[in-house]
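Dear colleague,

I am handing over the structure below, and after it I set out what was found when it was examined. Please read the notes with the coordinates open beside them.

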Amino acid sequence: MTKAAPTFASTGDLGEKKITFAKLGEGAYAFTAEGDPNTGVIIGDDGVMVIDTQATPLMAQQVLAFIREITDKPVKYVLLSHYHAVRVLGAAAYEPEHIIASQLTYEMIVERGQQDWESEFGRFPRLFRGHESIPGLTWPTIVVDGKLTVDLGNRKVEIWSPGKGHTQGDTIAWLPDQKILYAGDLVEYHATPYTGDAHLRDWPATLQALRDLQPEKMVPGRGDALTSAAACEEALKMTQAFITDLYTTAQEGVEKGLDLKAIFALCKERMDPKYGQWVIYEHCMPFDVARAVDEAKGLVRPQIWTADRDREMWGALNNG
């Protein structure tokens, strides 16, 4: 008998989102869609860089259409801020010369890229529209261990990993002359951080490394593009508050000997009033709490999410 798939909140999210393509500075743009995954675009004299690709080549065509309204220059680079399927599997649409990722992101693709794809596809059907157009896993052609500066032609982009957080290999793009930060899912704005593959104890220090840049504009992983230093700081504080509340509550539950279901209830009781209105909150919380409990118990490296593990977790939260 085939096991039934768990029904997460995101599977019922089928409505279309309003798309915005915002200009943040000279050659710097943000593709946002009401809390869906954001894509960054940087245009120089010689070519284009795309930061995070959307989940399928079909959905990436929406981003490419906006790019082509501005320039016919080739997409020379795609940057993967991390390895999650909704961020990377649309890369083929851009026909880039190079795909850039950090060494730790590359290792995650090798270890769990296929399982992540299968798990996310089951959770976010709307984000995988045109999934049959995905040619396979997205593999980097340039792997960065440290810092890389890419010159797009009179526009230099600094690429580096500020530390572990949303995943072990989170990578940002930084335009130092304009103080514009493409933060990936290290920072969210009125959107719930997904922490299923996170390093929660490391994340605050990584946020501080981003804060030290003193960004004046930012493209977060989800949420509106931010156009002031005050808004950037607000997003950093919001993200840090969420992950701190999540981890400290899970840690308290573990110390008290509570099981996963009881810790989940405790987290929801404390966090719903603060964050319950944020985008994808109900979807993220089962995964977030499961990871927080694992880390509080000493499991430093996140477990691999698979369809079977999705079902196991869902059963633990809904038994009785």
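I begin with a detail of the backbone: the hairpin of β10 and β11 has four residues between its strands, and within this hairpin K179 takes a positive phi near 55 degrees. Please keep in mind throughout that this is a predicted model.

The two strands of that hairpin, β10 and β11, run antiparallel and are joined by three bridges, with W174 standing opposite L181 in β11. Both belong to an open sheet of five strands, which has the order β8-β9-β10-β11-β12 and mixed pairing. The edges of this sheet are taken by β8 (147-151) and β12 (217-220), each of which has a single partner strand, so one side of each is left without a neighbour in the sheet. On average, and with direction ignored, neighbouring strands of the sheet are turned by 20 degrees against each other.

Going through the remaining pairs from the β8 edge, β8 and strand β9 (residues 156-160) run antiparallel and are joined by five bridges, and here D151 stands opposite K156 in β9. The hairpin of β8 and β9 likewise has four residues between the strands, and in it G153 takes a positive phi near 100 degrees. Strand β9 then pairs with strand β10 (residues 172-175) in the antiparallel sense over three bridges, and the bridge partner of E158 in β10 is W174. At the other edge, β11 and β12 pair in the parallel sense over four bridges; in β12, K217 is the bridge partner of I180, while P220 is the bridge partner of G184.

Strand β11 deserves a separate remark, because five of its five residues are buried, so that the strand is largely enclosed by the rest of the structure. Both of its faces are covered, with I180, Y182 and G184 buried on one side and L181 and A183 buried on the other.

The loop between β11 (180-184) and α4 (203-211) holds T195, which is buried, with a relative accessible area of 0%. Leaving aside residues up to four places away in sequence, T195 touches L200, W203, I243, L246, D288 and R291.

Two of these contacts, L246 and D288, also appear where α5 and α7 meet: F242, L246, Y247, A250, Q251 and V254 in α5 meet Y281, M285, D288, V289, A292, V293, E295 and A296 in α7. Helix α5 (residues 229-255) and helix α7 (residues 281-296) pack at an angle of about 55 degrees, and their axes are 9 Å apart. The two helices α5 and α7 are therefore oblique to each other, and their crossing is right-handed.

Finally, there is D36, which is found in strand β3 (residues 36-43). With a relative accessibility of 10%, D36 counts as buried, because the cut-off for buried is under 20%. The side chain of D36 makes a polar contact with the side chain of R126, at 2.7 Å, and the residues that D36 touches, not counting those up to four places away in sequence, are K17, R126, L127, G221 and R222. As for its relation to the sheet described above, D36 and W174 are 138 residues apart in sequence and 22 Å apart in space, C-alpha to C-alpha.

With kind regards

Key. Residues are numbered from 1 along each chain as its sequence is written. This is a predicted model: local features need pLDDT of at least 70, side-chain atom pairs count only at pLDDT 80 or more; totals for chains, interfaces and linings use all residues. Side-chain values use heavy atoms; hydrogens and water are left out. Buried means under 20% relative accessible area, exposed over 50%, partly exposed in between (1.4 Å probe, protein chains only). Contact means heavy atoms within 4.5 Å. A polar contact is a pair of N or O atoms within 3.5 Å; within protein, one must be able to donate a hydrogen and the other to accept it, and residues adjacent in sequence count only if both atoms are side-chain atoms. Two strands pair if DSSP finds at least two bridges between them. Axes are lines fitted to C-alpha atoms, for helices over the stretch in contact, and angles run from 0 to 180 degrees between N-to-C directions. Angles under 35 degrees count as roughly parallel, over 145 as roughly antiparallel, 65 to 115 as roughly perpendicular and the rest as oblique. A crossing is left-handed if the near helix is turned anticlockwise from the far one by less than a right angle, and right-handed if clockwise.
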